[in-house]
Amino acid sequence: MALQTKKSCVRLVFISICLMAMLQGCAAKKSDIPDPKLKKDQIGAERFKESQRVFAIRNPMMVSNIGGLELIVRMATIAEIPDNFYKTIGLTPPIGAGYLGLGLAAPPLYASALVVGGVIIIPLGTYLYFHEKWIWDSINAALTNAEFTRAVDRAMKVRLNAAFVNESTPNVKIEIIIQGFGIVDSSSPRQHCFMVSSDFILSRDNMEIKRDHLRITDFNRSKDAPPPQCCSLEHFAENEARLVKDTLTEYTEVLAEMVIDRILRENLK
Amino acid sequence: MRNLFIVLLSVTICSCTYHTQSKDPVAPVTYEATQYREANSVGNLRRLAVMPVELKPYKGKYSCEKDQEAAALNYENACIKFLTEKKGYEIVVVRDSEEKWRSELLSDARYSSIKDLCQMWHKEIAKGNTVSVIQKIGRALNVDGVLVVQIKERKPWGVADALLNLALLDIPLFYNIASPEVSAWIYETATGRLIWREERSIVITGNESVNTDSLISIFEELENALPRQLIK
């Protein structure tokens, strides 16, 4: 049986003692993330603007007609991406360098500064910086490059065709507005949750028939919604953010199913 | 002294959390679905049977067997609540709140009692041969997988223990860190294989709510079950 085993504990001790070899290995391996759409060399505000631009292009308002039924899927906001914690950690290696400098300048007086700065703070801070950056880059790339409106539109069409297979579609307008989606803090300090919050509006001849919130969230979740996918950011980022991509695909299908359920309950003719 | 430090460090590194996940595809037996996620995701086993929690207390923790069974049931309920509400799994409980075996769950006429199946499980696990018994239990209960939880309760340290630990250069402390108290295993019905394993060194104290919170943290990294909307 092919098994993947991970053992971890008292990382602090481990990392600080095993330092450089591990540091270089992890940094080289994990920062190499294929990101064909969002350019890697962009940083700070420039990168954020580019994320917004890429996300807007990849998630346009989708308008489709299926018989007499008009379907609109649009995004009200960009994807929620967790705080880029690695920038804060990036401050620790210079602090460690300060300690190290102090220790080198006056070894007898600041022998402990040599150890604290050179052996603990610099390697540990640098390792954590690259590790957190890898996590953030993976998740950011997966969310920014998501085509959520297109995917929801596609899933809706498949399910509408299946729901009205032997009859004509009703003359109504279905609007799905994605109010929020992405990875946010959860009730547990160790976890983040992938959530989607959207509005569903059903209308006929500009008269609203039904309006409902569809929430796959940690709090105030819709009754028919599954629990949101919650785990550590590291787990979300593993294998080129495989879990983020899988969850996105599932949420589009679940959202479409929840909308179809509501439409069928209205008994439209 | 240096060698001792290296030994202690190795123990620490190889301790505390043991996580294993199969890379092979997992196959549910109770439903068919379009693959929307990786084939090896544990969440594909959306209907799980929970075996009675195996509680190993330290001597003198419980005054009678009934108290121990009540504590085990309390831990079991915490796991079930978390897996159902937060992870979306459909849980099949083999014992009810009065600790009666729910033999009405058996979908296979060859087995008359769940208790017999559980006893069979205990015999086979001692021999290290779980594949066939997991398949029998899983098929009899019509579940995709079987969850087994084991908890070892450790006596809290007193002043004497702390002093002894100092005298023995923290060896008892490292030993405690290295020995997991809470273990959870998920087996697949289709093949009887171990699919997911998490073992942690968690301080199980006298406070029940702290204990259950610590216990459910073992499942935090477990992927959600496939949503019911996506099964045919």
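This is a short tour of a predicted model, stop by stop, for you to follow in your viewer.

**Stop 1: all of chain B**

Start by selecting chain B and colouring it by secondary structure. You should find seven helices and seven strands. Walking from the N terminus, the order of the elements is α-β-β-β-α-β-α-α-β-α-α-β-β-α. The chain has 232 residues, and 32% of them are buried. Now think about contacts between residues with a separation of 6 or more: in chain B, 67% of these join residues 24 or more positions apart.

Next, colour chain B by confidence. Its mean pLDDT is 81, and 81% of the residues reach 70 or more. Which elements of chain B have the lowest and the highest mean pLDDT? Helix α1(B), residues 2–13, has the lowest, at 50, while strand β2(B), residues 47–50, has the highest, at 93. For the model as a whole, ipTM is 0.79 and pTM is 0.79.

**Stop 2: a pair of helices in chain B**

Select residues 114–127 of chain B, which form helix α3(B), together with residues 131–141, which form helix α4(B). Two packed helices can be described by the angle and the distance between their axes. Here the angle is about 160° and the axes are 9 Å apart. Because angles over 145 degrees count as roughly antiparallel, α3(B) is roughly antiparallel to α4(B). Their crossing is left-handed.

Show the side chains where the two helices meet. From α3(B), pick Leu117(B), Met120(B), Trp121(B) and Glu124(B); from α4(B), pick Val133(B), Lys136(B), Ile137(B) and Ala140(B). Sorted by class, the contact has six nonpolar residues, two charged ones and no polar ones.

**Stop 3: a helix with little cover**

Stay in chain B and move to helix α5(B), residues 159–167. How many of its nine residues are buried? The count is zero, so to speak a helix that is hardly covered. Just after α5(B), click on Leu169(B): its phi is positive, near 55°.

**Stop 4: two helices in chain A**

Now switch to chain A and select helix α5(A), residues 111–144. Add helix α7(A), residues 233–265. The axes of these two come within 8 Å and cross at roughly 35°, and the crossing is left-handed.

To see the contact, show side chains on both helices. Among those in α5(A) are Trp134(A), Ile135(A) and Leu143(A); the α7(A) side includes Phe236(A), Glu240(A) and Val244(A). By class, this contact holds 11 nonpolar, one polar and three charged residues.

Before leaving α5(A), find Gly118(A), which lies in this helix. Gly118(A) counts as partly exposed because it has 18 C-beta neighbours inside 10 Å. Apart from neighbours within four places in sequence, Gly118(A) is in contact with Leu100(A) and Gly103(A). Try your distance tool from Gly118(A) to Arg262(A): they are 144 residues apart in sequence, and their C-alpha atoms are 62 Å apart in space.

**Stop 5: a loop in chain A**

Finish at the loop between strands β5 (192–204) and β6 (207–216) of chain A, where you will find Asp205(A). Asn206(A) lies in this loop too, between β5 and β6. What is the sign of phi at Asp205(A)? The value is positive, near 50°, in a residue other than glycine. Asn206(A) is not a glycine either, and has a positive phi of about 60°.

Are these residues buried or exposed? Asp205(A) counts as exposed because it has 8 C-beta neighbours inside 10 Å. Asn206(A) is exposed as well, with 6 other C-beta atoms within 10 Å.

Methods. Residues are numbered from 1 along each chain as its sequence is written. Chains are lettered from A and ligands numbered from 1 in the order in which they are written. This is a predicted model: local features need pLDDT of at least 70, side-chain atom pairs count only at pLDDT 80 or more; totals for chains, interfaces and linings use all residues. A residue is buried if 20 or more other C-beta atoms lie within 10 Å of its own, exposed if 12 or fewer, and partly exposed in between; C-beta atoms are placed from the backbone. Helices (H or I, at least four residues) and strands (E, at least two) are DSSP runs, numbered from the N terminus. pLDDT is the predictor's confidence in each residue, from 0 to 100. Axes are lines fitted to C-alpha atoms, for helices over the stretch in contact, and angles run from 0 to 180 degrees between N-to-C directions. Angles under 35 degrees count as roughly parallel, over 145 as roughly antiparallel, 65 to 115 as roughly perpendicular and the rest as oblique. A crossing is left-handed if the near helix is turned anticlockwise from the far one by less than a right angle, and right-handed if clockwise. Two residues are in contact if their C-beta atoms, placed from the backbone, lie within 7 Å. Ala, Val, Leu, Ile, Met, Phe, Trp, Tyr, Cys and Pro count as nonpolar, Asp, Glu, Lys and Arg as charged, and the others, Gly among them, as polar.
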